[in-house]
Amino acid sequence: MKRRRAIVTGITGQDGSYLAEFLLEKGYQVYGMVRRSSSENFERIQHIMGDLELVQADLLDQLSIINIVKKVRPVEIYNLASQSFVPTSFEQPVLTGEFTALGVTRMLEAVKLVDRSIRFYQASTSEMFGMAPHSPQTLTTPLHPRSPYGVAKVYGHWITINYRESYKIYAVSGILFNHESPRRGKEFITRKITDAVARIKLGRQKELRLGNLEAKRDWGFAGDYVRAMWMMLQKPRPEDYIVATGESHSVREFAQIAFRHVGLDWKKYVVVDPSFYRPAEVHTLCGDPSKAKRKLKWNPKVSFRELVSMMVDADLELLSKP
Ligand code: NAP
Ligand code: G4F
């Protein structure tokens, strides 16, 4: 029997690697879109490389995207690729707009031109809520992004809805709150903390310099969140969903728990460094996942404390390898 084909953009990233594993387990033939680079960046997908097909294209290059969609003829496309680090978006706002905003239109144009029956998932984000007027955030909360990244993602969200309404394409926007894992990039706060905790425990680092300790996020496990992406594309009608835990914790709390996990007192090691403050901060995010729970029967399996322990343990193991 012919296997269902899916294209995953951003397959070399955190979510791409978990989603690829998940789709392979479901029996899909998975095509990962990768961009040309002078050195390969496949660490997160190394263990499944033999089961994947990699196809070269770039979010900046319309024709390359059309060509891979024509070649693969997928039933589903998961658009996870973007410039995803908020501080970089302040430094490179135009490039962030090209990747994270216009890149979505290029993907949707390829679907429109090649085959309008392809189901399309757009990786939207809680960053779109930014300065939210209430908590928890729901699908009707007004959007007030606070970074060029957040603004670009608002464009991606609305262009996805626009192609659904204009061309009847099955396109959904999944508004995912922060999700983390041992595969998270080390520039993001959770992994920056767990990597430092492991290094400090092993005597390889003396202090940890952080920015705003009072920022609060709704943190879940990436492995749980990619399941929700797939579930969204299996429903009879395309709709948008929020994926979150419904719990919010501060950066300070994350650091406290991570240091405590290895028997250390965070106050002895964490130094507040204003150079990590952002031009505009998103102070608090907390999502309402009730629609995803009700309609998709989705539930997160990993709790906040389990996530912190999982990440610290994984970093200790990684650094202890000879
Ligand atoms: P990530 O680890 O930063 O991965 C980003 C991916 O995008 C990488 O595979 C990267 O490829 C690819 N990419 C960047 N620019 C590209 C281009 N011009 N052409 C082709 N590929 C390009 O991000 P993530 O945490 O997995 O997040 C996945 C998606 O969900 C992103 O769109 C992110 O904005 C969104 N999101 C994430 C979260 C979260 O908490 N993780 C929450 C909500 C939404 P290279 O390896 O070549 O750099
Ligand atoms: O881990 P972060 O860099 O993630 P942020 O900005 O929330 O963005 C992540 O989640 C979004 C979903 O809401 C995604 F769309 C986006 O792609 C990305 O995955 O920072 C979290 C918080 C911020 O308030 C930041 O100011 O931690 C605070 N923080 C404090 N000190 C720090 C630091 N963040 C970083 N990266 N590094 C610090 O030293």
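**Ligand 2.** I started with the surroundings of ligand 2 in this predicted model. I count 24 residues around ligand 2, the closest being Thr 125, Ser 126, Tyr 149, Arg 278 and Glu 281; a residue is in if one of its heavy atoms lies within 4 Å of the molecule. Next I looked up polar contacts, meaning pairs of N or O atoms within 3.5 Å; within protein, one must be able to donate a hydrogen and the other to accept it, and residues adjacent in sequence count only if both atoms are side-chain atoms. Tyr 149 has a polar side-chain atom 2.7 Å from an oxygen atom of ligand 2. I get 2.7 Å for a polar side-chain atom of Asn 178 to an oxygen atom of ligand 2, and 2.7 Å again for Lys 192.

**Ligand 1.** Here I find 25 surrounding residues, with Thr 12, Arg 35, Asn 41, Ser 84 and Tyr 149 the closest. Tyr 149 is on the closest list for ligand 2 as well. An N or O atom in the side chain of Asn 41 sits 2.5 Å from an oxygen atom of ligand 1. Polar backbone atoms turn up too: one of Leu 80 is 2.8 Å from an oxygen atom of ligand 1, and one of Gln 14 is 3.1 Å from an oxygen atom of ligand 1.

**Ground rules I noted.** Residues are numbered from 1 along each chain as its sequence is written, while chains are lettered from A and ligands numbered from 1 in the order in which they are written. Local features need pLDDT of at least 70, side-chain atom pairs count only at pLDDT 80 or more, totals for chains, interfaces and linings use all residues, and side-chain values use heavy atoms, with hydrogens and water left out.

**Helix 10 and its partners.** Helices (H or I, at least four residues) and strands (E, at least two) are DSSP runs, numbered from the N terminus. Helix 6 (residues 189–201) packs on helix 10 (residues 304–320) at about 50°, axes 8 Å apart; axes are lines fitted to C-alpha atoms, for helices over the stretch in contact, and angles run from 0 to 180 degrees between N-to-C directions. I therefore log helix 6 and helix 10 as oblique, the class left over once under 35 degrees is roughly parallel, over 145 roughly antiparallel and 65 to 115 roughly perpendicular.

I then checked helix 8 (residues 251–261), which packs on helix 10 at about 55° with the axes 9 Å apart. From helix 8, Phe 254, Ile 257, Ala 258, Arg 260 and His 261 make the contact, and Val 308, Met 311 and Val 312 are among the helix 10 residues they meet; contact means heavy atoms within 4.5 Å. Val 308, Met 311 and Val 312 are also among the helix 10 residues in the contact with helix 6.

**Helix 2 on helix 4.** The axes of helix 2 (residues 62–72) and helix 4 (residues 93–114) come within 9 Å and cross at roughly 45°. Ile 65, Ile 66 and Val 69 are among the helix 2 residues here, and Met 107, Ala 110 and Leu 113 among those of helix 4.

**Backbone oddities.** Most residues other than glycine have a negative phi, and most peptide bonds are trans. Ser 135 and Pro 136 are joined by a cis peptide bond, omega about 0°. I place Pro 136 in the loop between strand 5 (119–125) and helix 5 (148–167). Lys 168, not a glycine, has a positive phi of about 60°; Lys 168 lies in the loop between helix 5 and strand 6 (171–176).
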